[in-house]
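This report goes through one protein structure, from its overall surface to single residues. The sequence and the model are shown first.

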Amino acid sequence: MAVSGQQRRPVVVLYERIADAIHDGTYPPGCTLPSEPRLAADLGVSRPALREALLLLQEDGLLTVRRGVGRTVNDSPPRRGFEHVRPLEEQLSAGTSPLRVRALLRAVEEPTDFTTQQLLAPARAELRFWESLLSGEGAAAALSQEWAAADDVLERAHPPFAQALREAGDDTGTSMLAVLTGASRGVPLTAHSGITATLLGRRRGAQLNRPADTPAVLVTQVVRSGGVPVLAAKHMLPTGAPALPVLQSN
């Protein structure tokens with residue numbers, strides 16, 4: 001799903017609400033959605049905005065339109081998430097000019113609520129943290145925050161990644177995920193993520209040179225090696241950023 005333009009914010013929110021309802025079983029596979037007037041009334045939205053959100057859901061494989069029946073939920077709706085284990089700068093550069101990765105911060109920090117949950121990091125563990133700005137043609141396209149699991153975990157789960165991180169300099173012009181994939185030739189990786197519609201906020205807005213109330217898509221991602229989480233990330237993509245493929249088949 002591509003989001004382009006601040007006026008699309010209601011459509012993004014609607015997309016999220018309906019997709020959530022599909023994935024939590026409110027609208028189970030095979031069921032027929034209520035009619036547009038009924039659904040618009042239930043959701044408290046306009047029919048034009050609802051129609052656009054429904055078209056996006058259809059394009060992304062969650063819904064099918066059946067003549068004489070209406071919109072039905074597909075039997076196997078795609079999982080939500082940024083599942084490709086591929087650097088974000090490559091994903092966003094597909095079909096366009098390459099993006100540049102600029103290091104904003106390279107540090108070691110204690111676990112946050114996010115990394116405790118996603119990396120299963122114990123209290124007082126030391127986690128490498130990278131914050132990077134992705135930009136192209138003079139405009140900021142995304143802000144990435146990435147955390148690696150503690151060194152002792154990486155040494156057990158993915159020694160080449162642990163070594164590659166130690167050798168990476170503080171001004172590395174690449175993402176942590178790029179380091180991981182470069183160190184993982186022959187090592188199978190899996191990824192899962194979640195996607196939410198949000199606003200940039202003051203700090204991220206300043207980093208991306210956008211107003212604080214700019215609509216954005218926040219992608220949270222966890223990459224595992226042998227079932228062990230080795231990298232967790234948050235990717236903030238404001239409206240107008242290059243399209244990111246976020247739905248993959250089961």
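## Surface and overall make-up

The accessible surface of the protein comes to about 12100 Å². Carbon and sulfur atoms account for 49% of that surface. The model is a predicted one. Of the 250 residues in the protein, 48% are buried.

The protein has 9 helices and 10 strands. Counting contacts between residues at least 6 apart in sequence, 64% join residues at least 24 apart.

## Confidence of the prediction

The average pLDDT of the protein is 84, and 87% of the residues score at least 70. Two stretches have a pLDDT that stays under 50: residues 1-8 and residues 246-250. For residues 1-8 the model has 21 contacts beyond four places in sequence. For residues 246-250 the corresponding number is 22. Where pLDDT is low, the predicted coordinates should not be read in detail.

## The aromatic cluster

The structure contains 2 aromatic pairs. In one of them, the ring centres of Phe 114 and Trp 147 are 5.4 Å apart and the planes stand at 55 degrees, so this pair is tilted. Phe 114 belongs to helix α5 (residues 113-118) and Trp 147 to strand β6 (residues 139-148), so the pair ties together parts 33 residues apart in sequence. Phe 114 is buried because its relative accessible area, 12%, is under 20%. Trp 147 has a relative accessibility of 5% and also counts as buried.

In the other pair, the rings of Phe 129 and Trp 147 have centres 5.0 Å apart and planes at 35 degrees, so this pair is tilted as well. Here too distant parts of the chain are linked: Phe 129 lies in strand β5 (residues 127-136) and Trp 147 in strand β6, 18 residues apart. Both Phe 129 and Trp 147 are buried. Through these ring pairs, Phe 114, Phe 129 and Trp 147 form a cluster. A charged side chain is also placed at this cluster: Lys 234 lies over the face of Phe 114, at 4.7 Å from the ring centre.

## Helix α7

Which residues of helix α7 (residues 159-167) are buried? They are Phe 161, Ala 162, Ala 164 and Leu 165. Around the helix axis they cover an arc of only 165 degrees, which puts them on the same side of α7.

These buried residues of α7 pack against the strands β5, β6 and β9 (228-238) and against the helices α6 (151-157) and α8 (176-182). Strands β5 and β6 were met above, where β5 holds Phe 129 and β6 holds Trp 147.

## Two residues with positive phi

Most residues other than glycine have a negative phi. Leu 120 has a positive value, with phi near 55 degrees. Leu 120 sits in the loop between α5 and β5. Is Leu 120 buried or exposed? Its relative accessible area is 63%, so Leu 120 is exposed, the cut-off for this being over 50%. Apart from neighbours within four places in sequence, Leu 120 is in contact with Thr 115 and Pro 229. The C-alpha atoms of Leu 120 and Ala 150 are separated by 9.9 Å, and the two residues are 30 residues apart along the chain.

Asn 209 also has a positive phi without being glycine, with a value near 60 degrees. Asn 209 is found in the loop between α9 (201-208) and β8 (215-225). With a relative accessible area of 69%, Asn 209 is exposed.

## Arg 224

Arg 224 is a residue of strand β8. Its relative accessible area is 28%, so Arg 224 is partly exposed. Residues up to four places away in sequence aside, Arg 224 touches Pro 188, Leu 189, Thr 190, Pro 229 and Val 230. Pro 229 is thus in contact with Arg 224 and with Leu 120.

Arg 224 and Val 85 are 139 residues apart in sequence. From C-alpha to C-alpha, Arg 224 and Val 85 are 9.7 Å apart in space.

Technical notes:
Residues numbered from 1 in each chain as written. Predicted model: local features only at pLDDT ≥ 70, side-chain atom pairs only at ≥ 80, totals over all residues. Heavy atoms only, no water. Phe/Tyr/Trp six-rings, centres within 6.5 Å; stacked < 30°, edge-to-face > 60°. Helix = DSSP H or I, 4+ residues; strand = E, 2+ residues; numbered from the N terminus. Buried < 20%, exposed > 50% of the residue type's maximum accessible area, 1.4 Å probe, protein only. Lys NZ or Arg CZ within 6 Å of the ring centre and 35° of its normal. Contact = heavy atoms within 4.5 Å. Areas by Shrake-Rupley, 256 points an atom, 1.4 Å probe, with all protein chains shown as cover. Arc of directions from axis to C-beta. pLDDT = per-residue confidence, 0-100.
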